[in-house]
Every structure is written in structure tokens, then in C-alpha cells.
Amino acid sequence: MDFTVFAQQIANGLVNGMAYVLIATGLTLVFGVLRIVNFAHGEFYMLGAYITYFVGTLFGLDYIAAAAISAVVVAGLGVAANKLIFWPLRRDHEFTILLSSLGLALLIANGGELLFGADPKYVESPFADEVLDIGTVTLTQQRVLVFAAAVVTLIAVYLFIRYSRFGKMMRATAQNPDGAALTGINIGLVHTYTFALACGLAALSGALVGPTVMIFPTIGNWAVLKGFIVVIMGGLGSVTGALFAGLLLGVIESLGGGYISLGFMEAIGYAMIIAVLLWRPNGLFSTARGLR
Amino acid sequence: MNTNSHGQPLAIAGGVAALAVLPFLAGNAYLEHLLVLWMLYALLALSLNIVIGYLGELTFGHAAFVGVGAYTSAILSTQLGLPPLLGLPLAGLVAAAFGLVIGYAALRVVGPQFAILTLGFGAILFTITNHWVDLTRGPMGITDIPPMAIGPLAFDSARPTYYLVLALVLATAYLCHALVGSRTGRAFLAVRENAPLAASLGINVFHTKLMGFVAATAIAGIGGAIYAHYIRVITPDIMGVHNVAALIIVVIIGGRGTILGPILGALVYIGLLESLRVAGPLRMVIFAALLTGTVVFLPGGLISLWQRWRNAHRSENTQPATPTGLPSTEGGAK
């Protein structure tokens with residue numbers, strides 16, 4: 001086995017995996033804190049990539065500013081989705097919530113196709129064509145940025161959940177919403193902020209990954225599927241689990257694509273979660289209830 | 001639940017007679033084609049309804065089993081020259097075998113996890129179909145699939161196919177009806193309403209769910225095979241997200257857990273799909289809005305409107321008003 005190729009595959013896998021982790025963290029937060037399985041999560045990723053593209057091309061802003069604006073705008077859209085759909089349905093059966101989020105996903109994806117057109121677009125980034133050599137491994141600067149920005153964001157999210165007053169409110173709500181409400185925590189506010197955080201993270205990953213691939217209105221499907229696989233494999237509601245599972249999925253896909261077959265790369269990843277779930281049905285880091 | 005039993009056989013006979021003469025009223029080949037599509041979606045929706053309506057689990061992998069059935073029969077008839085009539089039961093068997101393996105793995109978890117796992121399995125089957133070019137011809141799809149035939153009777157046009165699918169829809173509807181009244185069907189509903197309680201009564205929850213899941217996938221496979229031999233071209237898109245969403249939309253809009261609901265839902269779906277053809281991508285936006293709207297405002301689906309009307313109507317005449325006008329959670333129209 002050629003070591004250079006192997007190291008390159010691992011590096012590519014870690015970058016892809018980090019993007020999966022960023023998508024999955026939002027999903028798992030929404031589930032862990034609010035018990036909502038949000039099928040529309042991938043659509044916020046898609047919107048993040050598109051808003052970055054449009055802010056960049058229409059207003060001529062540079063890539064970093066465009067990405068920041070798209071994260072903020074999509075966080076706002078997430079809050080709106082919460083106000084219109086998820087908050088009114090919070091006492092309903094999980095079936096109802098799952099189906100209405102599926103409806104929302106179809107609505108955004110097809111609405112996006114209507115608004116943006118079905119043809120693929122390229123998000124411009126100054127880092128997309130610059131190459132960086134790290135030892136024997138070669139990566140574009142954009143892919144290094146994906147990894148670095150994701151690491152910084154995840155550390156910030158971790159510290160936020162762990163130490164900020166608001167993070168404590170989120171964790172209390174995750175453990176017991178009624179108990180949290182009794183101690184004076186505003187559950188409505190926790191809903192709002194959790195959605196803003198989760199959708200902002202989805203948009204950020206869309207903005208980061210956007211320049212490395214083509215974007216089209218149906219990428220949300222892809223994103224939510226990857227996110228779900230990571231979340232299920234790591235254990236619904238577990239942020240640590242999402243981190244490990246995301247990196248693992250990225251590396252295994254990359255190695256499978258490099259050494260077995262590129263076409264079946266995705267199927268290999270899915271087959272892996274089935275193997276994991278046969279062994280541990282609730283995921284690697286399953287939590288009974290709560291946020292870890 | 002069988003409150004107006006004296007009127008029911010008559011209504012059913014009338015309904016079946018109306019369905020039987022429909023192709024003669026259609027008048028042109030296009031409308032007949034739509035009738036076939038209606039019945040095909042009704043068949044697939046009835047099978048999905050066993051999982052969503054009776055077992056109470058949401059599956060996002062159903063279209064994959066439709067695809068497995070379609071590809072099985074198409075490959076057998078184009079590459080091995082097997083008569084499609086033989087391919088039909090084989091398609092059901094192969095889809096059921098897939099259903100058994102996938103159900104065995106996925107039914108260990110419930111609720112959202114199950115839904116997501118079936119989505120993952122569906123994606124695996126889609127990816128394999130799309131990339132195993134030697135067997136499935138990949139994205140090019142399989143063309144020139146011979147039409148279904150029983151002896152000299154070939155189902156190569158819309159009208160005979162309509163009757164074939166209608167017969168299968170009626171058979172499936174009857175099976176669902178018999179199932180709900182049977183011990184097995186009551187076990188399904190018990191598992192749906194309260195799995196731990198059902199388990200404490202001696203029902204093997206896992207086996208009950210697996211049985212329902214496998215039955216649903218077998219019917220889906222047969223439906224897929226008929227689709228393949230009727231349209232005569234299949235591509236991996238049959239397993240795609242669009243078809244998954246379409247089937248769920250049909251069941252939910254019509255009314256899950258009922259027999260008439262999925263049939264009605266299929267009519268609404270095909271009718272809107274064709275009449276809104278000019279709207280282009282806006283169609284799916286409308287369907288998505290309908291899905292969300294139905295889930296939020298009319299959880300029992302369109303069929304519950306009729307039940308509501310019937311309850312209100314009856315309470316006007318003789319009986320005391322029923323406690324609520326809400327749709328029954330226990331199976332609806334039977």
C-alpha cells in the first residue's frame with residue numbers, strides 16, 4: 001500500500017467527516033434538546049450555500065462576509081420555521097412532527113428549485129484554487145478552511161453549551177422540559193435559540209463546503225441523509241457521538257472510495273451504520289435522555 | 001366500528017361497479033392511462049399503509065422495495081426471457097426477502113430512528129441500482145421490457161392493465177380489511193397503540209412488526225413489477241426520494257390506517273399531478289404544503305372529513321351526538 005495515497009485518503013476523509021460533523025451537530029442538538037427530528041435540516045444547509053452564493057455574486061461581498069451573512073440569515077429562517085411549525089406542534093406525537101418536517105423539507109427544496117433554478121452553481125471562494133502542502137498530503141486551502149473552521153466552531157459550541165448560562169438552560173431543557181420550566185427557564189426562548197444555533201451551523205457547513213462542490217437545490221437531501229447517518233451512528237442527541245461518527249464515516253467513505261469503488265462509496269458508508277446498529281441499536285454513544 | 005352494516009355491502013358493490021365501468025367512461029387513452037396510474041399508486045399506498053397506518057411506524061424506504069420488485073421482474077424478463085407472469089410473484093418474493101433482511105435489522109429501533117434507518121437502507125439500494133451497471137444498466141435504466149401476459153391475453157394497453165391492477169387493489173383492500181378483523185391485525189393495532197402493553201399481553205412485538213413489514217414490501221414489489229411491465233422502461237429514479245415522498249403524501253393526505261384513504265389519496269395525487277402539469281416545479285411545493293397542512297389540520301386525512309360528516313349527519317337524525325367529531329384513531333373507515 002502506498003503511504004502517500006493512504007495519507008491523502010485519510011486527510012480527505014477527515015475533511016469530509018468534519019463537514020458531516022458540522023451538519024450532524026445541529027441535528028443532534030435539535031433532537032437532544034427539543035426531541036424534534038428535523039428532516040428539513042439539510043435544506044438549511046442548502047440555503048446556507050445558496051445565500052453565500054447570492055450574497056457573493058449580487059452584492060459583491062467577499063467570501064468570508066458572505067458566509068457569515070448566510071449563517072445569520074439562515075439562523076433567522078430557522079427561528080421562523082420553529083415559530084410557524086415546530087413550536088405549535090411541540091405537544092404533538094413525534095409522527096406528526098416528523099411528517100411536518102418532511103413537508104417543510106420538500107417545501108424548501110422545491111421552492112428553492114423554483115427560485116434558484118435547477119442548474120448547478122459554483123460558490124466563489126478565494127481559497128478554492130490555492131493548494132497547501134502538509135508533508136506528503138496536498139489539500140486545497142478551502143478544504144483546510146472547512147476543517148479548521150469546523151474545529152473552531154465545534155469548540156465554541158461545546159464551550160457555549162458547557163459554560164454559558166444559556167447552554168445550561170439548554171441542557172436543563174434536554175434533561176426535563178417540565179422541570180426546567182418550573183425553575184423559571186423560558187422554554188420558548190430555548191426552542192428559538194436552539195433552532196437558531198442548529199440552522200446557523202447547517203448554513204455555515206453549507207457555506208464552507210459549497211466552494212468544494214457544485215451546489216444545486218436538491219443537495220439538502222444529501223446533507224440530511226449524511227447528517228442522520230452520523231447522528232444515528234453516534235447516538236441521537238449525543239454531540240460527542242456525532243463527532244466520532246462523522247469523522248469515522250468520512251474516513252471510511254474515503255478509504256472505501258479509494259481502494260474499493262468510487263461508485264459504491266456511499267453504499268459502503270450506509271452499510272457501516274447498519275453493522276454498528278446491529279451491534280449497538282441505539283448508536284455508539286447513546287444517551288438515555290439529555291445532552292452530552 | 002361497523003355501525004351501518006346493512007348499507008355497507010351495497011355501498012361497496014356500488015363502488016366496485018363504478019370502478020369497473022370507469023375505463024368505458026374515460027373515453028380516451030390518456031384518461032385510461034391516468035386510471036392505471038391511480039390504481040398503481042393506490043396499490044402501493046395500501047401496502048405502505050400497512051406500515052404507516054397499522055404498525056404506526058414511518059418508513060422512508062418503501063420506494064426502494066417498489067424498485068426491487070420492478071427491477072427483479074424487468075431483469076428476469078429481458079435477460080433470462082422469463083414470462084412476466086412468472087416474474088410477478090418472483091418480484092414479490094425478492095422484495096419480501098429484502099424486506100425481511102432490512103426489517104430484521106431496522107425494526108430493532110422504533111420511531112425516528114426507524115424512519116431514518118429505512119431512509120439509509122433505501123439510499124443503499126438506490127446507490128447499488130444506480131452503480132451496478134452490469135446488472136441494472138445504471139442510470140440508463142432498462143428499456144424494452146415486455147408487457148405482462150396471461151396466455152393469449154396481453155396487458156399491453158391501459159384498459160386491461162387497469163383491470164389487472166384494480167383486481168390487485170381490491171384483493172389487497174380485502175386482505176387489509178380481513179387483517180384488521182383478525183387476531184394478527186388486532187396485534188398490529190395493539191403494538192401501534194402501546195408496544196409495552198402489547199408485549200405484556202404475550203404479543204411478540206418484533207415478530208408482529210416484521211410480519212407486517214414483510215407483507216407490505218411483498219405487495220410493493222408486485223406493484224413495482226406491474227409498473228415496470230406497463231411503462232416498459234425503468235430507471236433508478238423509481239427508488240428516488242421523489243417517489244418516497246409521493247407515497248407518503250398519498251397515504252397521509254388520504255388518511256392513514258384506513259382502506260379507502262390511500263385509494264382516495266392516490267386519486268387526489270394523480271389528479272393534481274396531471275392537472276397541475278403546467279405549474280412545473282411548483283407542483284411539488286403544493287404537495288409539500290398539502291402534506292404539512294394535512295398533518296397539522298386534518299390528521300385523519302381526507303377520509304376523516306367524510307367520517308366527520310357522517311357522524312354529524314347521523315347525530316342530527318336519531319342517535320345522540322358522538323363525543324367528538326375527531327377522526328377515530330383506531331383504524332377509521334373499515
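In this predicted model, B:Met39 touches B:Tyr162, B:Val165, B:Leu166 and B:Val169, leaving aside residues up to four places away in sequence. Two of these names return when the largest nonpolar core is considered: A:Ala203, B:Met39, B:Tyr41 and B:Val165 touch the most other members among its 201 residues. The greatest contribution to this core comes from helix α2 of chain B (residues 29-55), which gives 18 residues.

The meeting of the two chains is a natural next stop. Here, 33 residues of chain B are in contact with 35 residues of chain A. On the side of chain B that touches chain A, the elements giving two or more residues are α5 (111-131), α11 (241-254) and α13 (282-297) of chain B. Of these, α5(B) gives the most, with 13 residues. Sorted by class, this side of chain B holds 26 nonpolar, six polar and one charged residues. As a general point, the size of an interface is often given as the accessible area lost when the parts come together; the description here rests on residues in contact, 33 from chain B and 35 from chain A.

Turning to the overall build of chain A, its secondary structure amounts to eleven helices and two strands. Read from the N terminus, the elements follow the order α-α-α-α-β-β-α-α-α-α-α-α-α. Along the principal axes, the C-alpha atoms of chain A fill a box of roughly 60 × 50 × 35 Å. The radius of gyration of chain A is 19 Å, in agreement with the value near 19 Å for a compact globule of 292 residues. Of those 292 residues, 51% count as buried. Contacts across the sequence are well represented too: among those in chain A between residues at least 6 apart, 77% join residues at least 24 apart.

Helix α6 of chain A (residues 165-175) offers a closer look at this packing. Its buried residues include A:Met169, A:Met170, A:Ala172, A:Thr173 and A:Ala174. The partners against which the buried residues of α6(A) pack are α1 (3-34), α5 (141-163), α7 (177-182) and α8 (187-209) of chain A.

The strands of chain A come next. Strand β1 (residues 131-134) and strand β2 (residues 137-140) of chain A pair in the antiparallel sense, over four bridges. Within this pairing, A:Ile134 stands opposite A:Val137 in β2(A). The two strands form a hairpin with two residues between them, and A:Gly135 in the turn has a positive phi of about 60°.

Positive phi values also turn up away from glycine, and two arginines deserve a friendly mention. Most residues other than glycine have a negative phi. A:Arg35 nevertheless has a phi near 60°. This residue, A:Arg35, lies in the loop between α1 and α2 (41-58) of chain A. A:Arg35 is partly exposed, because 17 other C-beta atoms lie within 10 Å. In chain B, B:Arg232 has a positive phi of about 75°, although it is not a glycine. B:Arg232 also sits in a loop, between α10 (205-231) and α11 of chain B. With 15 other C-beta atoms within 10 Å, B:Arg232 is therefore partly exposed.

Note on methods
Residues numbered from 1 in each chain as written. Chains lettered and ligands numbered in written order. Predicted model: local features only at pLDDT ≥ 70, side-chain atom pairs only at ≥ 80, totals over all residues. Contact = placed C-beta atoms within 7 Å. Nonpolar A, V, L, I, M, F, W, Y, C, P; charged D, E, K, R; others polar. Rg over C-alpha atoms; globule rule 2.2 N^0.38 Å. Buried ≥ 20, exposed ≤ 12 C-beta atoms within 10 Å, placed from the backbone. Core = buried A, V, L, I, M, F, W, Y, C linked by C-beta atoms within 7 Å. Pairing = 2+ DSSP bridges.
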